[in-house]
Amino acid sequence: MRKLTIAIDGPSGAGKGTVARAIAAGLGYRHVDSGAMYRAVGWKALGEGVPLDQEDAVAALAGAARIDVTAAAVTIDGIDVTRAIRTPEMDRAAAAVARLPKVRAVLVERQRQVGADGGIVMEGRDIGTVVFPHADVKIYLDATPEERARRRASDPSRSGVPSAVSDVATLLTERDRLDRTRAASPLYAAADAVVVDTTGKSVEEVVKEVMQVVEARRQPPATSR
Ligand code: C5P
């Protein structure tokens with residue numbers, strides 16, 4: 001059966017990671033978290049003292065870096081940053097470097113290479129709009145800001161990070177605003193995306209809903225006679 005390209009976009013805390021992982025596992029596809037690439041670049045820029053608004057310098061750093069995002073770990077130039085990139089400071093650093101068109105160009109190219117053969121579930125902000133505009137399946141996950149903040153505050157990958165729901169809500173709303181209003185590839189649902197509101201739904205319910213969309217696209221188109 002043909003291997004599909006599945007794009008899952010949406011704001012922070014909408015459930016993209018959990019749902020994308022489950023869909024990829026169910027289909028035997030690769031799951032790639034594109035946000036981890038922006039985080040890794042932000043992490044390296046901060047570590048090297050490169051100002052996050054210096055587009056050419058950050059893009060050069062991104063272009064020279066080897067970034068590997070697998071289900072198990074995120075590494076940049078061989079350094080495991082899986083946990084280090086999940087802090088409020090890295091949330092900000094990722095959003096800052098993601099505003100820079102030259103940095104996006106580098107990472108979008110890498111993302112397209114990773115997904116060249118299909119059989120992939122990639123999550124992010126611009127996967128259905130920019131990275132894979134011809135994706136077989138486009139899902140846009142959303143949820144109320146309150147629910148997203150609650151989920152973020154209890155995200156196990158961010159353990160050790162102080163996370164009162166009200167603080168998380170403030171930071172998350174600000175990052176969303178940046179992601180939605182930036183000039184380069186802002187966050188929005190592609191016209192042909194299926195929008196799924198995950199508020200009040202269990203992971204199982206959302207995965208089932210998304211799988212129904214995937215299954216519909218896997219059926220060969222009806223032949224007209
Ligand atoms: O998904 P995550 O919260 O890890 O993404 C971190 C940041 O990276 C986002 O706030 C956004 O600014 C940026 N990002 C992006 N495009 C993507 C994925 C993430 O601009 N495809």
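**Exercise 1. How many residues surround the ligand, and which are the closest?**

Work this one out on the predicted model above.

*Step 1.* Collect every residue with a heavy atom within 4 Å of the ligand. That gives you 16 residues.

*Step 2.* Pick out the closest: Arg 39, Arg 104, Asp 126, Arg 175 and Asp 179.

*Step 3.* Sort the shell by class. You should get five nonpolar, three polar and eight charged residues.

**Exercise 2. Find which helices supply at least two residues each to the shell around the ligand, and say where the largest share comes from**.

*Step 1.* Map the shell onto the helices. α2 (34-47), α4 (88-98) and α8 (165-181) each bring at least two residues.

*Step 2.* Look for the largest share. α2 takes it, with four residues.

**Exercise 3. Take the side chains of Arg 104, Arg 175 and Asp 179, and find how far a polar atom in each lies from an oxygen atom of the ligand**.

*Step 1.* Start with Arg 104: an N or O atom in its side chain is 2.7 Å from a ligand oxygen.

*Step 2.* Move on to Arg 175, where the distance to a ligand oxygen comes out at 2.8 Å.

*Step 3.* Finish with Asp 179, which has a polar side-chain atom 2.5 Å from an oxygen of the ligand.

*Step 4.* Now check how covered the ligand is. On its own it exposes 460 Å², and the protein buries 98% of that.

**Exercise 4. Describe the pocket whose space the ligand takes**.

*Step 1.* Identify the pocket: the ligand takes up space in the largest one. The volume there is about 1100 Å³.

*Step 2.* Count the lining. There are 50 residues, and those nearest the pocket centre are Gly 17, Arg 86, Glu 123, Arg 152 and Asp 155.

*Step 3.* Split the lining by class: 17 nonpolar, 15 polar and 18 charged.

*Step 4.* Trace the lining back to helices and strands. Among the elements giving at least two residues each are α1 (16-27), β2 (30-33), β6 (120-124), α7 (145-153) and α9 (203-218). The helices from Exercise 2, α2, α4 and α8, also belong on this list.

Methods. Residues numbered from 1 in each chain as written. Predicted model: local features only at pLDDT ≥ 70, side-chain atom pairs only at ≥ 80, totals over all residues. Heavy atoms only, no water. Polar contact = N/O pair within 3.5 Å; in protein donor to acceptor, adjacent residues only side chain to side chain. Areas by Shrake-Rupley, 256 points an atom, 1.4 Å probe, with all protein chains shown as cover. 1 Å grid on protein atoms, 1.4 Å probe; cavity = no way out; pocket = protein on both sides within 12 Å on 5 of 7 lines; lining within 4 Å. Sits in = over half its atoms within 2 Å of the grid points. Nonpolar A, V, L, I, M, F, W, Y, C, P; charged D, E, K, R; others polar. Points joined across faces, edges and corners; volume = space filled by probe spheres on them.
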